[in-house]
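Ready to poke around a protein model? Here are some short exercises, each with a solution you can follow step by step.

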Amino acid sequence: MGRQSAYPEEFRNGVVALYCAAGGQRMCAVVAAGVGIISEPLWTWVRKEEARAVPGQVDAGGPDAAGELVRLRAENARLLKAEKEWQLEREILCGAADCLAREVK
């Protein structure tokens with residue numbers, strides 16, 4: 001039996017789901033840095049998940065459904081964070097536009 005991981009299983013599953021949700025468009029190191037870990041454990045977790053995943057064996061209440069739920073929750077959290085950032089950017093840009101409009105008049 002191997003060494004016990006320093007990260008809880010829920011965290012590992014969530015980070016792997018976050019990486020997989022990017023569909024290969026984000027590097028492992030970028031995702032790892034985003035959650036505050038180094039990339040080596042994430043890469044190991046992703047390889048284990050890929051080895052465990054067997055195509056065509058999805059059932060409604062099985063482990064794939066739980067993984068999908070974790071992936072969707074991680075993606076939802078990411079989208080909510082992005083929406084807050086976009087709202088802040090929009091407020092800043094609107095304020096800057098108002099300021100410039102006043103200067104032009």
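The exercises below look at helices and the core of this predicted model.

**Exercise 1. Work out how the span of helix H3 compares with the expected one.**

Step 1: H3 covers residues 39-52, which gives it 14 residues.
Step 2: At 1.5 Å a residue, the expected span is 20 Å.
Step 3: From first C-alpha to last, H3 reaches 20 Å, close to that expectation.

**Exercise 2. Find which residues of H3 are buried, and which exposed residues sit on the face turned away from them.**

Step 1: Pick out the residues under 20% relative accessible area. In H3 you'll get Leu-42, Trp-45 and Val-46.
Step 2: Look down the axis of H3. The buried residues fall within an arc of 100°, so they line one face of the helix.
Step 3: A bit of helix geometry helps here: an α-helix has 3.6 residues a turn, so residues three or four places apart point the same way.
Step 4: Now turn to the face pointing away from the buried side of H3, and you'll meet the exposed residues Glu-40, Lys-48 and Ala-51.
Step 5: Finally, check the packing partners: the buried residues of H3 pack against helix H1 (9-21) and helix H2 (28-35).

**Exercise 3. Do the same for H2: which residues are buried?**

Step 1: Cys-28, Val-31 and Ala-32 are the buried ones in H2.
Step 2: Down the axis of H2, these buried residues also lie within an arc of 100°, so they line one face.
Step 3: The face of H2 turned away from that side carries exposed Ala-33 and Gly-34.
Step 4: As for partners, the buried residues of H2 pack against H1 and H3.
Step 5: Step just past the end of H2 and you reach Gly-36, with a positive phi of about 85°.

**Exercise 4. Describe how H1 and H3 are arranged.**

Step 1: Their axes come within 10 Å and cross at roughly 80°.
Step 2: Angles from 65 to 115 degrees count as roughly perpendicular, and H1 and H3 are therefore roughly perpendicular to each other.
Step 3: Look at who meets whom: residues including Phe-11 and Arg-12 of H1 meet residues of H3, among them Trp-43 and Glu-49.

**Exercise 5. Say how many residues the largest nonpolar core has, and which element gives the largest share.**

Step 1: The core has 12 residues, including Leu-18, Ile-37 and Ala-74.
Step 2: H1, H2 and H3 each give two or more residues to this core.
Step 3: The largest share, four residues, comes from H1.
Step 4: Zoom in on Leu-42, one of the core residues. Leaving aside neighbours within four places in sequence, Leu-42 is in contact with Val-15, Val-16, Cys-28, Val-31, Ala-32 and Ile-37.

Notes: Residues are numbered from 1 along each chain as its sequence is written. This is a predicted model: local features need pLDDT of at least 70, side-chain atom pairs count only at pLDDT 80 or more; totals for chains, interfaces and linings use all residues. Side-chain values use heavy atoms; hydrogens and water are left out. The expected span of a helix is 1.5 Å times one less than its number of residues. Buried means under 20% relative accessible area, exposed over 50%, partly exposed in between (1.4 Å probe, protein chains only). The arc is that of the directions from the helix axis to the C-beta atoms. Contact means heavy atoms within 4.5 Å. A nonpolar core is a set of buried Ala, Val, Leu, Ile, Met, Phe, Trp, Tyr and Cys residues joined through side-chain atoms within 4.5 Å. Axes are lines fitted to C-alpha atoms, for helices over the stretch in contact, and angles run from 0 to 180 degrees between N-to-C directions. Angles under 35 degrees count as roughly parallel, over 145 as roughly antiparallel, 65 to 115 as roughly perpendicular and the rest as oblique.
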